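Here's a quick walk through one fold, told helix by helix and strand by strand. Have the model open as you read.

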Amino acid sequence: MGFVDDELSKMKDVIANLESRVKRLEGRQSGAVTPEEIRMILIGPPGAGKGTQAPKIKERFSCCHLATGDMLRNQVAKKTPLGREAKKIMDAGGLVRDDIMIGMIKEELNSNKECQGGFILDGFPRTVPQAEGLDEMLASRNQKLQHAVELQIDDSLLVARITGRLVHPASGRSYHSTFNPPKEYMKDDITGEPLIQRSDDNAEALKKRLGTYHAQTAPVVDYYRKTGIWHGVDASQEPGQVWKNVLSILEGKERSHGSTILSRITGKN
């Protein structure tokens, strides 16, 4: 029965994803804002599983995934006004100003069609002033964050995860040589393109990154705790269970109780 149960679970996930995407597309076609529009930030140390969970959230809610590091590189590559300004600062060895990063996020929300279904912010905000600036920008759009989800895991468990991590550079999809290997060795499951191991994915570099992460993130987590949108998830669990926990937070009590594709197939409402 194990195989049957696994296959049934996979089918349920596929059907639920399809239902969610149909609702989103119907809402866009009619010009309505559906209750499943998502506006969230994903918080977690290197190796906590953001690269695994973010694509699942993106697919489920038909939203955009704004990983700020990737977004910064894209803006620089496209030579946008914000990208050119950021490049000057980086070439001079400085840190890109908060207003530039928030401007890039705003530009994505305005121009990226995927963002019509909401957004996942990954890697920003890292400080309380950035969180406040983000709130102000969203307020100017008559929007506000709905969720700040933190993937929590003990530092000692991250070393094994990080040292075996494999990444598809173009999409940010991540794998693990032991815990979540690609179907074909060193190739992305979706595109077949090569995977890489980041040069800073080693134990020594990880300890430094974790120290910086904790120092920066603790005040940001406290900020979102006070606003009431923070949720913590145990990221030491297997990815499927982490996904179930994340999904229960994001969907909350807004899930439809009416007739669904799944209920019609099973005859249960």
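What do the buried residues of H6 pack against? Strand E1 (38–43), helix H5 (98–111), strand E3 (118–122) and helix H8 (203–227). Before going on, some ground rules: this is a predicted model, where local features need pLDDT of at least 70 and side-chain atom pairs count only at pLDDT 80 or more, while totals for chains, interfaces and linings use all residues. Residues are numbered from 1 along each chain as its sequence is written, and side-chain values use heavy atoms, with hydrogens and water left out. Helices (H or I, at least four residues) and strands (E, at least two) are DSSP runs, numbered from the N terminus.

**Helix H6 and helix H3**

The buried set in H6 is Gln130, Ala131, Gly133, Leu134, Met137 and Leu138; buried here is under 20% relative accessible area, exposed is over 50%, and partly exposed is in between (1.4 Å probe, protein chains only). Those residues sit on the same side of H6, because their arc around the axis is only 165 degrees. The arc is taken from the directions from the helix axis to the C-beta atoms. As for length, the twelve residues of H6 (128–139) should span 16 Å at 1.5 Å a residue, and the end C-alpha atoms are indeed 16 Å apart. That expected span is 1.5 Å times one less than the number of residues.

Helix H3 (residues 68–78) can be read in a similar way: Thr68, Met71, Leu72, Gln75 and Val76 are buried. They fall within an arc of 135 degrees seen down the axis, so they line one face of H3. Their cover includes E2, helix H4 (81–91), H5 and E3. On the other side of H3, Arg73, Ala77 and Lys78 are exposed. Just after the helix, lysine 79 takes a positive phi of about 60 degrees.

**The sheet**

Now for the strands. Five of them form an open sheet in the order E2-E3-E1-E4-E7, with parallel pairing; strands pair if DSSP finds at least two bridges between them. Strand E2 (64–67) and strand E7 (230–234) are the edges, each pairing on one side only. On average, neighbouring strands are turned by 20 degrees against each other, direction ignored. E7 runs parallel to strand E4 (residues 147–152), and five bridges join them. In one of these, valine 149 has histidine 231 of E7 as its bridge partner.

Two helices pack on this sheet. Contact means heavy atoms within 4.5 Å; axes are lines fitted to C-alpha atoms, for helices over the stretch in contact, and angles run from 0 to 180 degrees between N-to-C directions.

| Helix | Strands touched | Direction angle |
|---|---|---|
| H2 (residues 50–61) | E1, E2, E3 and E4 | about 175 degrees with E1 |
| H9 (residues 239–251) | E1, E4 and E7 | about 160 degrees with E4 |

**Histidine 231 and the annotated site**

Back to histidine 231: at 28% relative accessibility, this residue counts as partly exposed. Leaving out residues up to four places away in sequence, histidine 231 touches His147, Ala148, Val149, Glu150 and Ile249.

The UniProt annotation "binding site" (unreviewed entry) covers ten positions' worth of names, among them Gly51, Ser174 and Gln237; such annotations may be inferred rather than shown by experiment. Glycine 51 lies in helix H2 and, neighbours within four places aside, is in contact with Gly172, Arg173 and Ser174. Glutamine 237 is in the loop between E7 and H9, where its contacts beyond four places in sequence are Arg161, Val242 and Asn245.
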